[in-house]
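Me: I want to learn to read this structure feature by feature. Can we go through it together, starting with how burial is judged?

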Amino acid sequence: MQQRPFTQVDVFTDTAYLGNPLAVVLDGSGLDGDAMQHFACWTNLSETTFVLLPSPEAAAKGADYQVRIFTPGGELPFAGHPTLGSCHAWLQAGGVTKSATHIVQECVKGLITLRREGSRLAFAAPPLQRSAPDPALVTQVASALGLQAQHIVASQLLDNGPVWLGMLIDSADVLLALQPDHQRLKSLGLKVGLAHIDKARVDTNLIARSNREARAFGKRNDSSGSSTGLQNATELTVRAFAAVNGVNEDPVTGSLNASLAQWLMADNLVPRCYVATQGTCLGRHGQVYIAQDPDGQVWVGGDSVTCVTGVVHL
């Protein structure tokens with residue numbers, strides 16, 4: 001064992017202990033996957049990450065660092081809140097970027113680009129593959145959720161590294177009242193993400209953005225698609241269930257919000273900039289800032305707060 005710098009970060013919040021906690025081992029050198037997995041089980045957080053030097057191949061392509069991401073149930077190829085939280089911790093620990101405009105993270109999924117948006121970080125959502133799920137699977141999942149079929153507006157299988165069954169729900173009250181059978185969800189072998197669109201809020205904000213005075217004095221995004229100017233007006237309510245990864249309900253989920261944004265924007269169900277909230281049923285208030293730039297790239301932003309610093313013996 002050796003002493004390694006360690007931090008715990010709260011992600012998708014600007015107020016400590018209201019977001020999604022992340023354990024970050026800032027020097028994972030010499031640890032194999034089994035050791036990392038064992039420690040991730042011990043922290044018992046939804047994710048634990050280990051920061052490493054980038055591989056030579058990734059470094060040649062501009063990677064600043066490498067991160068491996070573990071849940072209590074296994075390693076993930078990519079995840080959103082560990083991406084933002086690990087980058088926050090790496091920068092705070094003195095990490096120096098190769099580029100003046102962005103940060104590049106290597107993970108199992110590949111290279112992920114991040115950018116600063118004021119004090120907030122945002123990552124470029126990886127490419128999404130989506131398809132229509134088997135109706136029988138949707139029926140089984142709905143039963144495990146305790147969700148009646150008439151409340152399901154649409155569903156998609158979403159894959160941007162992690163695979164989610166995404167479901168759009170017609171009522172925020174129904175969404176927030178759900179008490180799933182997590183063992184049944186686990187037995188189905190997939191993660192489930194649910195969302196409700198507040199159409200009244202979306203319509204109000206679309207009107208505001210089309211108003212010249214609102215554009216002049218209340219900008220929500222700039223020409224680059226930055227989410228810096230977004231207000232805290234929730235337009236999407238999200239819940240995420242991942243018992244298959246050892247996490248019954250995830251407080252705030254970057255990968256899910258990324259894939260939901262790509263799906264819902266492609267189907268013209270949400271504007272190109274909006275705010276999602278998640279974690280309400282867990283006593284959290286995570287906020288995810290979504291923005292699509294003029295090139296069509298979706299950026300997923302969030303604040304991070306450092307809560308614990310020190311060393312860990314590993």
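Reply: Start with the cut-off. Buried means under 20% relative accessible area. Exposed means over 50%, and partly exposed lies in between. Keep in mind that this is a predicted model.

Me: Which residues of α3 are buried?

Reply: The buried residues of α3 are Gly 80, His 81, Pro 82, Thr 83, Leu 84, Gly 85, Ser 86, Cys 87, His 88, Ala 89 and Trp 90. That makes 11 of its 13 residues, so by the under-20% cut-off the helix is mostly covered.

Me: How far apart are the end C-alpha atoms of α3?

Reply: Compare the span with the rise of 1.5 Å a residue. Helix α3 covers residues 80-92 and should span 18 Å. Its end C-alpha atoms are 18 Å apart, which agrees. Just after α3, Gly 94 takes a positive phi of about 105°.

Me: How many residues does α9 have, and how many are buried?

Reply: Think of the helix turn first. An α-helix has 3.6 residues a turn, so residues three or four places apart point the same way. Now the case here. Helix α9, residues 254-266, has 13 residues. From first C-alpha to last it reaches 18 Å, close to the 18 Å expected. Of its 13 residues, 12 are buried. Among them are Leu 256, Leu 260, Trp 263 and Leu 264. Polar residues are on the list too, including Asn 257 and Gln 262. Just after α9, Asn 268 has a positive phi of about 60°.

Me: Now strands. Which residues of β15 lie on each side?

Reply: In a regular strand the side chains alternate between the two faces of the sheet. For β15, one side carries Cys 273, Val 275 and Thr 277. The other carries Tyr 274, Ala 276 and Gln 278. Both faces are covered. The strand runs over residues 273-278, and 6 of the 6 are buried, so β15 is largely enclosed by the rest of the structure.

Me: Which strands pair with β15, and in what sense: parallel or antiparallel?

Reply: Read the sense and the bridge count for each pair. β13, residues 236-242, pairs with β15 in the parallel sense over 3 bridges. β16, residues 286-292, pairs with β15 in the antiparallel sense over 6 bridges. Ala 276 is a good place to look. It is the bridge partner of Leu 236. Ala 276 also stands opposite Val 288 in β16.

Me: What is the relative accessible area of Gln 287, and what does its side chain touch?

Reply: Gln 287 is found in strand β16. Its relative accessible area is 10%, so Gln 287 is buried. A polar contact of 3.2 Å joins its side chain to that of Tyr 289.

Me: Which residue does UniProt list for "active site"?

Reply: Treat this as an annotation from a record. The unreviewed UniProt entry lists Glu 47. Find Glu 47 in the loop between α1 (33-43) and β3 (48-52). At 8% relative accessibility, Glu 47 counts as buried.

Me: What is Glu 47 in contact with?

Reply: Leave aside neighbours within four places in sequence. Its contacts then include Pro 21, Phe 70, His 81, Pro 82 and Asp 250. His 81 and Pro 82 are also among the buried residues of α3. Separately, the side chains of Glu 47 and Ser 46 share a polar contact of 3.1 Å.

Me: Phi can be positive outside glycine. Where are Phe 12 and Tyr 17, and is each one buried or exposed?

Reply: Phe 12 lies in the loop between β1 (3-11) and β2. Its phi is about 65°, although it is not a glycine. At 1% relative accessibility, Phe 12 counts as buried. Tyr 17 is also placed in the loop between β1 and β2. Its phi is about 75°. With a relative accessible area of 58%, Tyr 17 is exposed.

Me: Where does pLDDT stay under 50?

Reply: Where pLDDT is low, the predicted coordinates should not be read in detail. Here that applies to residues 212-223, where pLDDT stays under 50. The model has 22 contacts beyond four places in sequence for this stretch. The chain as a whole averages 93, and 91% of the residues score at least 70.

Key:
Residues numbered from 1 in each chain as written. Predicted model: local features only at pLDDT ≥ 70, side-chain atom pairs only at ≥ 80, totals over all residues. Heavy atoms only, no water. Helix = DSSP H or I, 4+ residues; strand = E, 2+ residues; numbered from the N terminus. Expected span 1.5 Å × (residues − 1). Buried < 20%, exposed > 50% of the residue type's maximum accessible area, 1.4 Å probe, protein only. UniProt positions renumbered as here; feature names shortened; annotations may be inferred. Contact = heavy atoms within 4.5 Å. Polar contact = N/O pair within 3.5 Å; in protein donor to acceptor, adjacent residues only side chain to side chain. Pairing = 2+ DSSP bridges. pLDDT = per-residue confidence, 0-100.
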